[in-house]
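Got your viewer open? Load the model, switch to a cartoon view, and let's walk through it one selection at a time.

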Amino acid sequence: MATATLSTSDILQQFERYVVPNYIRSPIVIERGSGSQVWDTDGNRYLDFFNGWGCNLLGHCPPTIIEAVRDQLETLIHVPNTWHTGPQGSWAELLCERSFGTEGRAFFCNSGAEANEAAIKLTRLHAKDGRYKIITFEGGFHGRTLATTAASAQPKFHAGLGPLVAGFVYAPFGDLDAVVHRIDDQTAAIMIEPVQGEGGVRVPPDGFLAGLRQLADQHGLLLIFDEVQTGCGRTGEWFGYQHFQVTPDILTLAKALCGGLAGAAMITTAAIAPSLRPGMHASTFGGNSIAARAGIAMIETIERDGLLNRAKQLSAAFRKHLTPLAQELDIVDQLRICGLMIGLELKIDAKPVVAECVRHGLLINCTQGTVLRLLPAMTLSDDELAEGCEILAEVLRKYQVEQISSSIA
Ligand SMILES: Cc1ncc(COP(=O)(O)O)c(C=O)c1O
């Protein structure tokens, strides 16, 4: 049956009957989106401050992405990586120019987990003397394939999946001494998100990433930055690591890379790249012409419209709105902001707060049980920002009052 003829409850029933229930979904069917707004099948409008789990950094349906993809659809959709294509080469050049320069080499795939898998395989192939271990960090998140699940040092993601892929050693986020003690003669790499996203928008302590770089250099390890969430301008710089003046050996990107379409990349250096020898790794759709044209349009749009600066301005505006709120409300433990990654750690369960925001027309996310996470678009308007922050304040004040009432009762 064509979607247009189905009611909201018909679609919910289809999901109930035919879709694997591995996601916790709100009973809302989103029909269309534009910029930072979406509408459901009952005509309700929502402001989206968690734009496509962070993928729609230019907002929903950005015109420049649509135009590039439409043009490419009529030219060539897909040929395998046995051939060269113009869009893939240009995309690689643009990404390398903004990261490792002429030393950069890109491998393309379709999701963040795949980009990290590529990084993990490259690490093992590049390592000498039987080294294979990778140090990752508690609270980190690197994806849902078996290797990236094992790399994500969060036991809740491991339950029932054993035996896990071997070779990941976990250290507390931000603790350099602990990392030193975990390095042995089998260690090959250190892998980290420059700012933990799913872990609750956790910014590393001063000097931590620089310390990891130093340790990696001392011990001959690769430093891998998972920038699936922090990359592509999310933090107001092209890549999160540019805030910390620390350059990795391998960089992974996905989410916002193609302006809302599926696409991912692993970027490394000319010295390391040849270890991923022909035949050792591949991706059928990786670097396809549609993703490549969208990826190019994403970079060009950000530069043409000065959106890295706009992201910084929006970040400052969020800070201005949310800092007094965090100070006013007892239920808010901490506000953490890095560019357009915003986390409000609550002292109460954050899930009902998210549900209440949705009822008020604001889409946000909860992570780690108590953290409200916002990943807004860099195209958000000042009015939309103020409207969303107002809704958030109203909802949080309501929970503050409830908290006080229940403590008195
Ligand atoms: C830092 C990080 N790495 C990897 C992933 C996995 O990306 P994907 O869902 O595209 O596989 C995510 C997804 O949230 C992420 O935030």
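Start by selecting Val201, which counts as buried because 26 C-beta neighbours sit inside 10 Å. The burial cut-offs here: a residue is buried if 20 or more other C-beta atoms lie within 10 Å of its own, exposed if 12 or fewer, and partly exposed in between, with C-beta atoms placed from the backbone. Val201 has a positive phi of about 55 degrees although it is not a glycine, and you'll find it in the loop between β7 and α7.

Two housekeeping notes before moving on. This is a predicted model, in which local features need pLDDT of at least 70 and side-chain atom pairs count only at pLDDT 80 or more, while totals for chains, interfaces and linings use all residues. Residues are numbered from 1 along each chain as its sequence is written. As for element names, helices (H or I, at least four residues) and strands (E, at least two) are DSSP runs, numbered from the N terminus.

Next, select 208-219, helix α7. It has 12 residues and reaches 16 Å from its first C-alpha to its last, close to the 16 Å expected at 1.5 Å a residue (the expected span is 1.5 Å times one less than the number of residues). Which residues of α7 are buried? Show Phe208, Leu209, Leu212, Arg213 and Ala216 as sticks: those are the ones. Now look down the axis of α7: its buried residues fall within an arc of 145 degrees, so they line one face of the helix. That arc is of the directions from the helix axis to the C-beta atoms. The background rule is that an α-helix has 3.6 residues a turn, so residues three or four places apart point the same way.

Add α6 (176-182), β7 (187-192) and β8 (222-226) to the view, since the buried residues of α7 pack against them (contact means C-beta atoms, placed from the backbone, within 7 Å). On the other side of α7, Asp217 and Gln218 are exposed. Just after the helix, Gly220 takes a positive phi of about 70 degrees.

For another helix, jump to 289-304, α8, with 16 residues and a reach of 22 Å. Here 13 of the 16 residues are buried, leaving α8 mostly covered. Gly306, just after α8, has a positive phi of about 60 degrees.

Now some backbone oddities. Most residues other than glycine have a negative phi, and most peptide bonds are trans. Asp129 is not a glycine, yet its phi is positive at about 55 degrees. Is Asp129 buried or exposed? It is exposed, with 8 other C-beta atoms within 10 Å. Look for Asp129 in the loop between α4 and β5 (133-137). Then zoom to Gly162 and Pro163, joined by a cis peptide bond with omega about -5 degrees. Pro163 lies in the loop between α5 (146-151) and β6 (168-171).

On to the ligand. 14 residues surround it, the closest being Ser111, Gly112, Ala113, Gly143 and Val228 (a residue is near if its C-beta atom, placed from the backbone, lies within 6 Å). Helix α4 (residues 112-126) supplies the largest share of this shell, three residues.

Last stop: colour by domain, with domain 1 as 7-62 + 307-408 and domain 2 as 63-304; the bounds come from an automatic or database domain assignment. Their contact takes 26 residues from domain 1 and 27 residues from domain 2.

Note on methods
Contact = placed C-beta atoms within 7 Å.
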